[in-house]
Structure formats: structure tokens, C-alpha cells
Amino acid sequence: MWPLFTLNRPLIWLGLLGIAALPWASGVGTRLGGMLLVGLGLWDAWRMVRKEHDRRALGEQAMLASEDGVMICDARHRILTVNPAFTQITGYDLEEVRGQDPSTLSAGRHDKAFYDRYWQALSSSGKWEGEIWNQRKQGDQYPEWLRMQSFRDERGRLTHYVGLFTDISRHKAREQDLRRIGFEDPLTGLPNRRRLHDLLSSRLRHLRAGEGLDMALIDIDGFKAINDAMGVEAGDRLLARFGQRLARQVAGGVVGRLGGDEFMVIRTTTFDDHDAWVAGLCEHLTAPFEQEGQSLRLGLTVGSCRAPDDGRESSVLFQRLESALYGAKRHGRNHHRRFQPSLDVQGDRQLELVNDLRAALAHGGQLELYYQTQHNLQDGALVGMEALMRWRHPRLGMVSPGDFIPLAERHGLMTPLGAWVTEQAVAQLARWQQVGLPPVPVWVNVSALQLIQGDLEAHLAACLARYQVPARLLGLELTESVLLDERAGDVYPRMTSLRDKGHQIAIDDFGTGYSSLSYLKRLPVDKLKLDRAFVRALPDDSGDAAIVGAVLAMARGLSLEVVAEGVETTAQRDFLRQQGCPTVQGFLYSRPVPAAELEARRQSEAVSSADGVGMETDPA
């Protein structure tokens, strides 16, 4: 950057030549010329000295202004000078460290091997760079990034060492913050899922003979309701207190938060008291929490397992904990379930079914609609049919709706499945209109998630308009649980709007949910579908007979039609006819069949009916 200081310059040599020539100059002109040469040489030498002085002054100013600490040492590694940044970082001024070895600043964290490598690098390459820990004058230790370089003269002799260093305490603190964010739950300060995996793996590696690991995955029941009632901030405080109580209860163990309202506990033990341990946890954690003047008792659902009995790898154990928790939720909340191999098999099969169901929805060809007819009980005439979804799996064959419908509800597939059913049913109605079959209403089931997530009304209107099918031919069946699901909001105006457009509305599985005369009186409902559970034991079961009679009497009083499901015997049919039930559905009349088979049957019946009319009117 700067030219080296040197007196080996032409003007200086001319000045020296003029000095040598002056004693020999005889004339005035010659003397004046020699003096001129001497003046030029002196001027050039003064100019070079001045530049060297400015260069040194600028270098000193740069060192003084630098935010990096600078120290210059002699060949014996004794400090000669330092800059203000050195004093600001270490707390020592120049007078306190002049003549001292920089090793006096060491924090003592590095061993002899570290300093051997340090001196070896300086000796071989003339420089060293790396992280080193020193100690300030106040006594606190800090990390710095040091760059040390040796300098030699023209003859190769070592003359100085120059070190530049930066305080990297803040950088280290940021690294720790990032590490904490990556491994720690910010709300509770407990290990997060990633850190729990590492801790579980470590404990598995260090298990000794006779030791085991007890693990529990704890889910707080109904925590969303607490958040809604008390606010998110109060909910967060409750989660933090829950984590603290859990950590105190499992001293010496590991407690972490996986997210939301799920916590995990790990303990190393030599006792075979797994179930008693989980019961103790639940008893301690369900003690009341005092929150904003209220006493809260929490319900807990717990899934648990034990290593090495249930696995030796952290990923496997995590999966089995979640299988156990899911199994506990399926059997009702506020419940503990320990992992069993059957849960793992069931979980794998369910995951496979969900993936296959997604593929079936995406590509088509596997799902189809079957139709079960509904008949007038007096003359047996066809008055309606219910569309029922079937899944013809390419490998498993026909999959029961009882297997895949609950999975679709849990994994958010009910809205697309419901839309597919509606589309297929309306398209089939249009097909039957084209071939000239008499119009008969088709009933489709509507799930709660279709009301919550999907734009049901718009989808129905679009389908009917596309296929030019009147709304009166598409009936909607809703269960009692759908009508009472708070997530769907107030369904009354939506049902009224659908009914005003021409749709008939029925309550499916009536009597199995939270039956309420008040909502029957208020909601715009056309039909009640009496669940097969009340029909199965007719007419022998007096209790079921009384319930059926009461439902039919109530329906007549409310001007509602009743469809009895699951009619399979003539005795059931005769009893229902005697009680005044207008419509039935069941295997006695027809099993669910594909659309093509039902179409062929209806066409055959239409031809037979036409032949019968022709014979009656034949004059012969």
C-alpha cells in the first residue's frame, strides 16, 4: 500500500555528488551548480523523511481507531505497546502490561498441547489464527478471536510479534441463543422434541444391566376450551406451571414439551413399577391449579412404554409412545394406555390406509357409490335411496366404511370425500333421467367437517346446475352430533337456506346421539331415520318396541316422516307397519348395490309394470 522508505534516490545521489564536487569547483558557476545539486538532494531527503513520518502517524491513528485489540511484542514475546481497544476489551492499560508476556492474560482453559500447536504454527508459517479464552482485569473470562503474526528483518532475524484480536462474547451468546432455540421450548424452557430425541438416545446408550427407561407422553384434555375461556396468555402461563410441576415430580428424570399441550417424561429406573409410576404422575398432575382466582383440575390422556422392552431406538420408542397415546384417546380421554404390539401394527395399517385413500381420491377408479333403496311400507313402492360409499382397494379388496371413514375424519379427508359423493350422486341422477327412469330422491350423508371446512351450499348448487338436476331429488342426511357440533356454528339458517332451495333434510341415526325435542321443534327437518339399533330386536324386545312407538308418535305430532333402517325380517316389517311407520330401508328389500345393477333392476321392473298394464287393457 505504501512505498518503502529509502534514500537510494537519484536526487539524493546528485546531492552527494554536489557535496563531493564543491571543494574542487573553481568558478562561481560551478560552485552554484554544486550547491543547487546539494539543495535538491536535501529537499528530496527531507520529503522522504516527511512521508515516512506521515505514514507512521497514519498507521498509529488507524491502530488507535481500530475496534480490534492490537498488541505489539518484541522477539522475546514481551508486550511493547497496545491500542485503546486492547484496554477497552481487557481492562488493562499499557503501563500495566508493558514488558509482560501475553500469556499472563490467559484464562487457564487451554492445556500445554494447545500452546505447543500455537508456537509450532508461529514458528513454521509465521502466523496463527484461532479462538482463545482470556481473562479481563475484572476477573471474568471471555472468548476472543486472535490473529498473531511474526515479523523478521532483512537478514531473517525475528524482530516482533503483532497480534490482533476481537472479543467474540456476543457472537458466542448468539450461538448459545440459537442453540437454545433449536433445542429448547421457548415457553416452558424444557427440552423440545429434537432435544428429547438426543436425550433419549443418550440414556439408551448408557443403560446398565438391570436398568430400564419408563416413558410417558401426556396430553392435556380439552386445553383448547381453557384457551378460549381464559385467553391465550393465561393458557401459556398454565402450560408453564404444568411443566414446572411435572419437572419437580420427576427429579433426576427428563421432562420436555413436544408442542401444544403434549409433554414427555423419561426416567431411568431399576423398579418394575411402570403402571404405578404413571398413576402417580397423573395423581400429582391432576391436583388443582390456582389460575386467576379459579381452581382448575386438568384431565390427562397418557400413552406410555418402557425400554428396552418396547424398543431400543429413540425413533421407534417415540412412534410407540404416540401409538399408545392415540390408542388412549380412541378409548376415551382422561385415560392411560401402555403400548402393546397390536397398537403398532394397527398404527402402521392405518397410516397405509390413509395414504392409499389419498391416492384413491387423487386418481379415482377405486371409490364407488352403492345405493340402498327405501320403500313405502304399505305398498312396497320405491320412494328413495341412500348413496353409500364403497372403496375397492386394489390389494385389500373391499374396505369397510367403518375402517376408512373414521380415518378420513381424523386426517381431514371428509370434505373432499363428501364432495366426491355429492358429485357422483348428482351425476347418477342425471344419468337416470336421461334413460327415462322415474325420478326418485337420492340421499347423501353430510359430515360435520363439510359444514365447518367446506362451502357446502356453493358446491351443492354448482353440482345441481352442472347436471341440471332439481334440488328436490338430492336429500341431505345429518347426524345429531353434526347439528350439535359447536364448530359448525348455528346450523339453523344454513339448513333453512338449503331447504328453501328444495333439498329435503333428514336426521340420521336418530336416538343414538343427544336427542332433544327442542332442536327438533326448531330446525327445518323433513325426516327422522330411526337407527337400526332400535329395529334389530323387534318385535320381541319390549324396550325397543316402546322406543319405536314413542318416536313414531312424536314424529306424527311434529309432522315429520320416519324411515326405519335395518329392516331384515318380515316380523320387523309387520310390526313397523302396525305402528304406522311409513318408510323402511334394509336387507329385506335390498342390499346396497352398484348403480348399474340398480339401474338394470329398475328398468326390468318398469318393463314388467308396462307389460302388466298392457294385459289389463287388452280387450281380448
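Two strands count as paired if DSSP finds at least two bridges between them, where strands (E, at least two residues) and helices (H or I, at least four residues) are DSSP runs numbered from the N terminus. The model is predicted, so that local features need pLDDT of at least 70 and side-chain atom pairs count only at pLDDT 80 or more, while totals for chains, interfaces and linings use all residues. Residues are numbered from 1 along each chain as its sequence is written, and side-chain values use heavy atoms, with hydrogens and water left out.

**Exercise 1.** Describe the pairing of strand 1 with strand 2, and place the two strands in their sheet.

*Solution.* Begin with the pair itself: strand 1 (residues 69–74) and strand 2 are joined in the antiparallel sense over three bridges, and methionine 71 has valine 82 in strand 2 as its bridge partner. Next, turn to the whole sheet, which is open, has five strands in the order 2-1-5-4-3 and shows antiparallel pairing. Its edges are strand 2 (79–82) and strand 3 (127–135), each of which pairs on one side only. Finally, examine the loop between strand 1 and strand 2, where histidine 77 is found; its phi is positive, near 65°, although the residue is not glycine.

**Exercise 2.** Determine how helix 20 and helix 21 are arranged, and which residues make their contact.

*Solution.* First, take the geometry: helix 20 (residues 542–557) and helix 21 (residues 570–579) pack at an angle of about 40°, with their axes 10 Å apart. Axes here are lines fitted to C-alpha atoms, for helices over the stretch in contact, and angles run from 0 to 180 degrees between N-to-C directions. Second, classify the angle: under 35 degrees is roughly parallel, over 145 roughly antiparallel, 65 to 115 roughly perpendicular and the rest oblique, and helix 20 and helix 21 are therefore oblique to each other. Third, list the contacts (heavy atoms within 4.5 Å): Ala545, Val548, Gly549, Leu552 and Arg556 in helix 20 meet Phe575, Leu576 and Gln579 in helix 21.

**Exercise 3.** Locate the cis peptide bonds that precede proline 308 and proline 539, and give omega for each.

*Solution.* Start with the bond from alanine 307 to proline 308, which is cis with omega near 5°; proline 308 sits in the loop between strand 11 (300–307) and helix 11 (314–330). Then consider leucine 538 and proline 539, which are joined by a cis peptide bond with omega about -5°. Proline 539 belongs to the loop between strand 19 (527–530) and helix 20.
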